[in-house]
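Please open the model in a viewer and keep the sequence panel visible. The tour below proceeds by selections, each followed by an account of what is found there.

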Amino acid sequence: MDVKKNQTKTEFYNEISKLIADTIPDNWEELSYENRSEHEKIINVLLLTNIELTRMNANSNEFFPFEMYKSISKSLEHVHAQNIEGINENKREEWFNWLKSHTSVLLNIATNISKAKKVIDEVKAIDEKSYRYEDFKLLSGKILKLIPTDKSDENEYLHKIQNMALLGLTENISLSNSVFEVKRRKIMNMDKAGAFIPLATKRIFLKYYATDNSHHYSVWTEQERGAYLSEIQNCIEKYKPVNGEANEE
């Protein structure tokens, strides 16, 4: 469809804006990762957010890399996921990778350093040949109890859009089921290596949404989730405004 043909610049802009708005459902804040049928809708919301943030970034001359984005498999990442639900109980390599990545940060963030040291010693003493999934569940549970949280009930926001970030599939696989601090460090390393990290995702893990007096550097806090959701809303309202009049720059 040639939307530019026989249209003025303003008409063309309005038509494009309408097409963009049509990709975002009215109930976008209620979308849930638990519903597989809503994954594409969540991706559309986060894609528009990342494009708008890139476009509005006055401190950069970069454009959103559409060609690169089209060449990767889009994937959704939970920003906070303090559990091992996605770990395959039949893939021992996943267990040991999880234990290694989490014990590598434990002494820096644990709520109890002496207990953290004991858990790390337990991991070092593992006999991989005889290790069972039940053993992994018990040990990972000990580790997760030592990871700080913001005391919120994660079931209230775990699968909502304020806890979702957009990544490429390979990056998502390397991050899944890691706690926030592990993901944050991996994102930083991938960014240094030149991997494509969408701007909003980068801002999440570089603590852009934290307040200046935040003491929860290794936690995705309620305040940050709210700030992230507000930024998503601001980007969407440029095309799908609440009052019916789009925000123009």
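Helices here are DSSP runs of H or I, at least four residues long, numbered from the N terminus. The model is a predicted one.

**Stop 1: Thr49**

Begin by selecting residues 39-56, which form helix H2, and pick out Thr49 within that helix. Is Thr49 buried or exposed? The cut-off for a buried residue is under 20% relative accessible area; Thr49 has 2% relative accessibility and therefore counts as buried. Next, display the residues that Thr49 touches beyond four places in sequence: Ala200, Ile232 and Cys235. Add Gln233 to the selection: 184 residues separate Gln233 from Thr49 along the chain, yet their C-alpha atoms are 8.4 Å apart.

**Stop 2: the nonpolar cores**

Now select Trp28, Val45, Leu46, Ile204 and Tyr228, the residues with the most contacts inside the largest nonpolar core, which has 39 residues. At least two residues of this core come from each of H2, strand E2 (164-168), helix H8 (180-192), helix H9 (199-205) and helix H10 (222-236). Which element gives the most to this core? H2 does, with eight residues. Apart from this core lies another, of 25 residues; Tyr131, Ile143, Leu146 and Val179 are among them. As general background, nonpolar side chains in soluble globular proteins tend to be buried together.

Return to Trp28 and show its contacts. Leaving aside residues up to four places away in sequence, Trp28 touches Val45, Ile161, Leu229, Ile232, Gln233 and Ile236. Ile232 was also met at the previous stop, as a contact of Thr49.

**Stop 3: helix H4**

Select residues 92-109, the 18 residues of helix H4. From first C-alpha to last, H4 reaches 26 Å, close to the 26 Å expected at 1.5 Å a residue. Where does H4 bend? Centre the view on Thr103, where the bend is about 30 degrees. Thr103 is also one of the buried residues of H4, which include Trp95, Phe96, Trp98 and Leu99. To see what covers these buried residues, switch on H8 together with helix H5 (113-124) and helix H6 (133-146), which are included in that cover.

**Stop 4: helix H5**

Keep H5 in view and measure between its end C-alpha atoms: they are 16 Å apart, which agrees with the 16 Å that twelve residues should span at 1.5 Å a residue. Colour Ala116, Val119, Ile120 and Val123, the buried residues of H5. They cover an arc of only 100 degrees around the axis, which means that they lie on the same side of H5. In general, an α-helix has 3.6 residues a turn, so residues three or four places apart point the same way. Rotate to the face turned away from the buried side of H5, where the exposed residues Lys115, Lys118 and Lys124 are carried. The cover over the buried residues of H5 includes H4 and H6.

**Stop 5: two lysines with positive phi**

Most residues other than glycine have a negative phi. Select Lys151, whose phi is near 70 degrees, in the loop between H6 and E2. Then select Lys207, with a positive phi of about 65 degrees, in the loop between H9 and H10. Which of the labels buried and exposed applies to each? Lys151 counts as exposed because its relative accessibility is 76%, whereas Lys207, at 7%, counts as buried.

Conventions: Residues are numbered from 1 along each chain as its sequence is written. This is a predicted model: local features need pLDDT of at least 70, side-chain atom pairs count only at pLDDT 80 or more; totals for chains, interfaces and linings use all residues. Side-chain values use heavy atoms; hydrogens and water are left out. Buried means under 20% relative accessible area, exposed over 50%, partly exposed in between (1.4 Å probe, protein chains only). Contact means heavy atoms within 4.5 Å. A nonpolar core is a set of buried Ala, Val, Leu, Ile, Met, Phe, Trp, Tyr and Cys residues joined through side-chain atoms within 4.5 Å. The expected span of a helix is 1.5 Å times one less than its number of residues. The bend at a residue is the angle between axes fitted to the seven residues ending there and the seven starting there. The arc is that of the directions from the helix axis to the C-beta atoms.
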